[in-house]
Amino acid sequence: MLYAIPFPAFDPVLVHLGPVAIRWYALAYIAGILAGWLYARALIRNPTYWGGTAPMTVVDFDDFVLWVTLGIILGGRIGYVLFYNLSYFIANPTEIVQLWKGGMSFHGGFLGCVAAVILFARLRGIPVLSLGDITCAAGPIGLFLGRIANFINGELWGRVTDVPWGVVFPGGGPLPRHPSQLYEAGLEGIVLFVILNVLVRRGALERPGAITGAFALGYGAMRIFGELFREPDVQLGFLWQGLTMGMLLSLPLMLFGIALIVAARRRAGGTARPAAPAP
């Protein structure tokens, strides 16, 4: 306890505009989408990464941003309802739409994003896997900001620990806990972004599905590792063989990623090329 770090006194509401409260979590979503959109545009504009002209235009992606935003929000909320608290929402169905109370699932958001990619790509005649690759390449930016917002909100804290950087979270009891939100921000955000960026510069966008597969595999592995330090959701606790819901949902995601990577390498004959300059 002598080495515990008290939780910084963050206000989860960034600013009040009359009756409207703008929260850090909402700002993280907005900033993540905007930053990811700008990064995706830079990738699309650079023919070096595609071995020629990209199979879509920046205007296509501009139009897609609204689709993917809806996919993330709707999928994330529906996923949370189904995966994490179904019995509660069956008893309180009006709260399903009350997003300001929190409760989003990455895995549900990912499925919503997949649906948006498939529908938009077919509507515009764009290769589904290439659109998915661009979207996933930018994904870690939003993940990083989202996890930072989780920390600011003092939610999704880690398990009790005696490490010197343990944090006493409001609502988390008197004992210090792992700041697992920051661990996940570093892994799912920074580390995964760097890995995907290196793959992009080595020509992965020329092999449709490779970046999407690497994202799914990388996120799943990092989420499972992060769950070792994160306190399970109180309404679920530990599940089969001591695994958490986050771990169980990440396993099929990893298998999906491996399948995409294998298929992409087979289509390209397993070739690679030297890295291109960063955007």
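The exercises below, each with a worked solution, concern a predicted model.

**Exercise 1. Packing of α4 and α7**

Determine how helices α4 and α7 are oriented to each other, and which residues meet.

Solution.
- Two packed helices are described by the angle between their axes and the distance between the axes.
- For α4 (residues 106–124) and α7, the angle is about 170° and the axes lie 13 Å apart.
- Angles over 145 degrees count as roughly antiparallel, and α4 and α7 are therefore roughly antiparallel to each other.
- On the α4 side the contact involves F106, H107 and F110; on the α7 side it involves F215, Y219 and R223.
- Sorted by class, this contact has 4 nonpolar, 1 polar and 1 charged residues.

**Exercise 2. Surroundings of L236**

Find where L236 is located, which residues it touches, and whether it is buried, partly exposed or exposed.

Solution.
- L236 lies in the loop between α7 (210–227) and α8 (245–268).
- Leaving aside residues up to four places away in sequence, L236 touches F83, Y84 and M245.
- Y84 is 152 residues from L236 in sequence, yet the C-alpha to C-alpha distance is 7.1 Å.
- The relative accessibility of L236 is 27%, so L236 counts as partly exposed.

**Exercise 3. Positive phi at L156 and Q241**

State the phi of L156 and of Q241, then place each residue and give its exposure.

Solution.
- Most residues other than glycine have a negative phi.
- L156 is not a glycine, but its phi is positive, about 55°.
- L156 sits in the loop between α5 (128–153) and β4 (167–168).
- With 30% relative accessibility, L156 counts as partly exposed.
- Q241, also a residue other than glycine, has a positive phi near 55°.
- Q241 belongs to the loop between α7 and α8.
- Its relative accessible area is 64%, so Q241 is exposed.

**Exercise 4. Cysteines C113 and C136**

Work out how many disulfides the model has, and whether C113 is buried or exposed. Do the same for the exposure of C136.

Solution.
- A disulfide is a covalent bond between the sulfur atoms of two cysteines.
- The cut-off for the pair of sulfur atoms is within 2.5 Å, and by this rule the count is 0 disulfides.
- The cysteine sulfur nearest to that of C113 belongs to C136 and is 6.1 Å away, and C113 is in no disulfide.
- For C136, the nearest cysteine sulfur is that of C113, and C136 is in no disulfide either.
- C113 has 12% relative accessibility, so C113 counts as buried.
- C136 has 7% relative accessibility, so C136 counts as buried.

Definitions and conventions:
Residues are numbered from 1 along each chain as its sequence is written. This is a predicted model: local features need pLDDT of at least 70, side-chain atom pairs count only at pLDDT 80 or more; totals for chains, interfaces and linings use all residues. Side-chain values use heavy atoms; hydrogens and water are left out. Helices (H or I, at least four residues) and strands (E, at least two) are DSSP runs, numbered from the N terminus. Buried means under 20% relative accessible area, exposed over 50%, partly exposed in between (1.4 Å probe, protein chains only). Contact means heavy atoms within 4.5 Å. Axes are lines fitted to C-alpha atoms, for helices over the stretch in contact, and angles run from 0 to 180 degrees between N-to-C directions. Angles under 35 degrees count as roughly parallel, over 145 as roughly antiparallel, 65 to 115 as roughly perpendicular and the rest as oblique. Ala, Val, Leu, Ile, Met, Phe, Trp, Tyr, Cys and Pro count as nonpolar, Asp, Glu, Lys and Arg as charged, and the others, Gly among them, as polar.
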